[in-house]
Amino acid sequence: MNAKPTIAQRRGEGASGFIATRARQVLSEAVDLLERVVDDTLLAPEDRVRLAWDLADIFAWQVDFSRDIRSGDSFRVVAERLVSEDGEVRFGRVLAGDMVIGGLGYTAYRWTSADGSSGFYDAEGRSLRRAFLLAPVQFRRISSRMSSGRLHPILGIVRKHEGIDFAADAGTPVMAAGDGVVARREWSGGYGNLVEVDHGSGLITRYAHASKILVKQGDLVKRGQPVAQVGNSGRSTGPHLHFEVLVDGVPQNPTRFLAGRANEAKALAGATRRR
Ligand SMILES: [Zn+2]
């Protein structure tokens, strides 16, 4: 991305009474992110803090802001500039940004789909939210979906099912749904042999009932990399993978959650072709 404030957008008057006139470049030099944001006296203090958080959020899957940032790294951002009738300035949404961290470049462009949802993509149109496998195992059938209550086959009581069960032959490879770090690999009661992969941004995937675990705690894993083999360990009535997706510890519907990520990438590919 060249450092020209070329992204221009005109928006209608928002509920806040601010009108976005055109996008402008907020940052333009190789400086520390927070310092430069803090230096921008055109922005209200709460806006500077918000911009710093926005950047951290946009690049959360590429950069560990608690660890990777060093002096000499550079940041540039294009954001909407909102001006009220009496001249007060605020910044609106971040439209694009790029960073050089440890000599590696990262670029992000906001793209809004027809249904109004927006996300950030790199110059090749890949979602910055890395793609996830829709199913982390070659399964024969889905034997149980997420539900708020079902009769547990062993306990004989109604329990919530907080994941999805994929029936598959024992020994079938269980693959990491996305890039991440092995956060747990242990025997865990009803889960049997359990693997947990931490994907950053509070997202964790969980793989239970394995016959064999193929990774160690702290291992970096790539999307599609085998982390375990399907088994029948723990509270299980037949070989299957019990798979969970958690965001900040809260179980998500894995099918819906991972399909959402895939659709985001697909929608962009379609939009790119139409241009
Ligand atoms: Zn299950």
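Which residues is T172 in contact with, once its neighbours within four places in sequence are left aside? Keep that question in mind while you orient yourself in the viewer, and remember throughout that the model is predicted.

**The whole chain**

Begin with the full chain shown as a cartoon, where the secondary structure comes to three helices and 18 strands. If you colour the 275 residues by burial, buried residues make up 31% of them. Among contacts between residues at least 6 apart in sequence, 59% join residues at least 24 apart.

**Stop one: T172**

Select T172, which you will find in the loop between β9 (164-167) and β10 (173-175). Show its surroundings and the opening question is answered: apart from neighbours within four places in sequence, T172 is in contact with V137, Q138, Q229 and V230. One of these, Q138, is 34 residues from T172 in sequence, yet the C-alpha atoms of the two are 7.3 Å apart in space. T172 counts as buried because 22 other C-beta atoms lie within 10 Å, and the cut-off for that class is 20 or more.

**Stop two: the sheet that contains β10**

Now select β10 together with β16 and β14, three strands that form an open sheet in the order β10-β16-β14 with antiparallel pairing. β10 and β14 (212-213) stand at the edges and have a single partner strand each, so one side of each is left without a neighbour in the sheet.

Look at the two pairings in turn. β10 and β16 are joined in the antiparallel sense over three bridges, and if you pick M175 you will find P226 in β16 as its bridge partner. On the other side, β14 is joined by two bridges to β16 (residues 226-229), again in antiparallel fashion. There, K212 stands opposite Q229, while I213 has A228 as its bridge partner. Q229 therefore appears twice on this tour, since it is also among the contacts of T172, a residue that is itself buried with 22 other C-beta atoms within 10 Å.

**Stop three: the nonpolar cores**

Next, show side chains for V174, V195, Y207, V227 and L241, which have the most contacts inside the largest nonpolar core, a set of 25 residues. The elements giving two or more residues to this core are β9, β10, β12 (193-198), β13 (203-210), β16 and β17 (240-247). Centre the view on V195 and, leaving out residues up to four places away in sequence, you will see that V195 touches V182, R184, R185, Y207, A210, I213, V215, V227 and A228. Then move to I58, F59, F75 and V94, which are included in a second, separate core of 17 residues.

**Stop four: two residues with positive phi**

Finish by selecting H209 and D248. H209, in strand β13, has a positive phi of about 70 degrees although it is not a glycine. D248, in the loop between β17 and β18 (250-252), likewise is a residue other than glycine with a positive phi, here near 50 degrees.

Is each of the two buried or exposed? H209 is buried, because 27 other C-beta atoms lie within 10 Å. D248, by contrast, counts as exposed because it has 8 C-beta neighbours inside 10 Å, where the cut-off for exposed is 12 or fewer.

How values were computed: Residues numbered from 1 in each chain as written. Predicted model: local features only at pLDDT ≥ 70, side-chain atom pairs only at ≥ 80, totals over all residues. Helix = DSSP H or I, 4+ residues; strand = E, 2+ residues; numbered from the N terminus. Contact = placed C-beta atoms within 7 Å. Pairing = 2+ DSSP bridges. Core = buried A, V, L, I, M, F, W, Y, C linked by C-beta atoms within 7 Å.
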